[in-house]
Structure formats: C-alpha cells, structure tokens
Amino acid sequence: MALCKEGLLATLAAWGIEHETLQHALSATCELHSENIKGTAFAKFIGNGQAKNLFFKVPSGGGPLKNRLFLVCALVETVVDNKILSARLGIKPSAPLRFAADDVFTDVLQIPLGSVNPFVMAQASCHEVTLLLDEQFLRCERLLFHPMQSDFTTALAPAQLEAFLQRAAPGRFAFVDLTSSAPLALPSAAGGAGAAGAPAAAPAPAGKESKKGGGGGGVAG
C-alpha cells in the first residue's frame, strides 16, 4: 500500500522523529521549490539542505547487479555522475546506471513525479531499493524533502533522517562520498547504519530500460 503524506507524518510522529512541515505551491523542480519557500521559515535552507533525488536502475547487461534499483539522494549542489557511480559499484561500463523507466518508477515509488524522497523506503514496494545518501547531508542543519507530494516540504535534522531509515530500511541505506571515485560496496544489515557490505545479488523488479522517469524533479525528485 502506498504511503501518503498523512500516513508519513503520522509515522514520523509515532516513531518520535522530530520534523517540521509546511505547505506551499506545487514544486516539481528545485528551482520552483526555491521560489516557493522564499519568505517562509525554510528560506534559510535554500542552497543549504535542499536535495535532488535520482531513481536509477542497473540495465540487464550491467553485470552481477543487473536490474537492481538505486535511489540516490544528494544536495542540489553535489554532482552525481552515473558513469562514475556505476564504476564504483562494479557495474559494467557498457551498461551504466540509467534512470528507471516510468512503469518501474510508478510501480516501485508509488508517488508523483517531482516528489521523490527518501521516505519512500518505508513502503513495501521499495523493499529491494538501495538508498545512497550524500555524505554532505551530515553537515547540514536541516534537510528538506517533499513528504510524498510536492506541495509540502518536511524539514528534519540529518540525525532524525537516519533514525527514520534505521526503522524503515535497516541495512538498505548508506551515507557515501559522492565526489569520490573509490570502489563502493553496498550497505548491509550486518554492517549497521551507513556501513559497507557485500553486494546483494537479488534482482529488483524488471522493467523496460529507459532514460525517462527516474529523474523526477524538485527538492525531492
């Protein structure tokens, strides 16, 4: 069952995750989001806590990680190079990470385009998604994400995001240095929060390979 905004906010409250949420105009892109939170309590986080969220799939010819799904959440300013990231994960250069096709996006994330966020990891449909988080998040006072729809923004401290993910997706997320080119192992339950582990071999749900869909838009997609 898809997690809606109300369900997410109720979960955050039930788990004791401290956060603030405000409403604004629809903001499917980072540029629109910056405009729409000017004059609000979150304006001070423009350029210092806003995120872009990229949903990738490994092509069928990508090697041992073929068909795996990755959600990469990074500061807007952080460069995410899919080819470099693919090489770090051991994915074949001939078939690097690509944005997930629209049907995979819809079936797995179950949210509108432009609303992608790390909270989706709490959904059963995302149980085979691996979340890679920008290490630079840890230096921010607050992180801004859409709570499942792009006309709201939720702000929370990095430690609170990690606490949420420890409950929602233990062993399926890690904070990584996205500016590095060093080999990158996947997170594992045995390694604890944000720790590296051996890549899992189980494929994610299959779908046609496309460069459409996974980029989303806005502070959370």
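Student: Which residue stands opposite Leu22 in β7?

Tutor: Thr153 does. We're looking at a predicted model here, and the two strands involved are β1 and β7, residues 152-156, joined by four bridges and running antiparallel.

Student: What makes β1 and β7 count as a pair?

Tutor: Pairing takes at least two bridges. β1 and β7 have four, so they pass that test.

Student: Why are β1 and β6 called edge strands?

Tutor: Look at the order first: the open sheet runs β1-β7-β6, with antiparallel pairing. β1 (20-23) and β6 each pair on one side only, and that makes them the edges. Neighbouring strands in this sheet are turned by 25° against each other on average, ignoring direction.

Student: Now the five-strand sheet. What is its order, and how is it paired?

Tutor: The order is β4-β2-β3-β5-β8, and the sheet is open with mixed pairing. Its edges are β4 (98-99) and β8, each pairing on one side only.

Student: How do you know the pairing is mixed?

Tutor: Go through some of the pairs. β2 and β3 are antiparallel over seven bridges, with Ala51 opposite Leu75 in β3. β5 and β8, on the other hand, run parallel and share four bridges; there Leu131 faces Phe173 in β8. Both senses turn up, hence the mixed label.

Student: β2 and β4 are joined by two bridges; what makes that enough for a pair?

Tutor: The cut-off is at least two, and two bridges join β2 to β4, which run antiparallel. They therefore count as paired. Lys57 has Arg98 as its bridge partner in β4.

Student: What makes β2 mostly covered?

Tutor: Six of its seven residues are buried. As for helices on this sheet, α4 packs on it, touching β2, β3 and β5, and its direction makes about 110° with that of β2. α5 lies across β5 and β8, running at about 150° to β8.

Student: Which residues of the largest nonpolar core touch the most other members?

Tutor: Phe55, Leu109, Leu133 and Phe137, out of 37 residues. The elements giving two or more residues to this core include α1 (5-14), β2 (51-57), α4 (102-109), β5 and α5 (158-168).

Student: What is Leu133 in contact with, leaving aside its neighbours within four places in sequence?

Tutor: Cys73, Leu161, Leu165, Phe173, Ala174, Phe175 and Val176. Apart from this core there's another one, with 18 residues, among them Phe56, Val72, Ile91 and Leu97.

Student: On to α3. Which of its residues are buried, and how do you know they line one face?

Tutor: In α3 (residues 82-89), Leu85, Ser86, Arg88 and Leu89 are buried. Seen down the helix axis, the buried residues fall within an arc of 160°, so one face is what they line. An α-helix has 3.6 residues a turn, so residues three or four places apart point the same way. Lys83 and Ala87, on the other side of α3, are exposed. The cover over the buried residues includes β3 (69-75), β5 (129-134) and β9 (186-187).

Student: Why is Asp81 said to cap the N-terminal end of α3?

Tutor: A polar contact needs N or O atoms within 3.5 Å. A side-chain oxygen of Asp81 lies 2.9 Å from the backbone nitrogen of Lys83, so the pair falls inside that limit. After α3 comes Gly90, with a positive phi near 85°.

Student: What about positive phi in a residue other than glycine?

Tutor: Asn67 is one of those, with phi near 70°; it sits in the loop between β2 and β3. Gln110 has phi near 55°, and its place is in the loop between α4 and β5.

Student: Why is Asn67 called buried, and Gln110 partly exposed?

Tutor: Buried means under 20% relative accessible area and exposed means over 50%, with partly exposed in between. Asn67 is at 14%, so it's buried. Gln110 is at 30%, so it falls in between and counts as partly exposed.

Student: And how much of the protein is buried?

Tutor: 52% of the 221 residues.

How values were computed:
Residues are numbered from 1 along each chain as its sequence is written. This is a predicted model: local features need pLDDT of at least 70, side-chain atom pairs count only at pLDDT 80 or more; totals for chains, interfaces and linings use all residues. Side-chain values use heavy atoms; hydrogens and water are left out. Buried means under 20% relative accessible area, exposed over 50%, partly exposed in between (1.4 Å probe, protein chains only). The arc is that of the directions from the helix axis to the C-beta atoms. Contact means heavy atoms within 4.5 Å. A polar contact is a pair of N or O atoms within 3.5 Å; within protein, one must be able to donate a hydrogen and the other to accept it, and residues adjacent in sequence count only if both atoms are side-chain atoms. A nonpolar core is a set of buried Ala, Val, Leu, Ile, Met, Phe, Trp, Tyr and Cys residues joined through side-chain atoms within 4.5 Å. Axes are lines fitted to C-alpha atoms, for helices over the stretch in contact, and angles run from 0 to 180 degrees between N-to-C directions.
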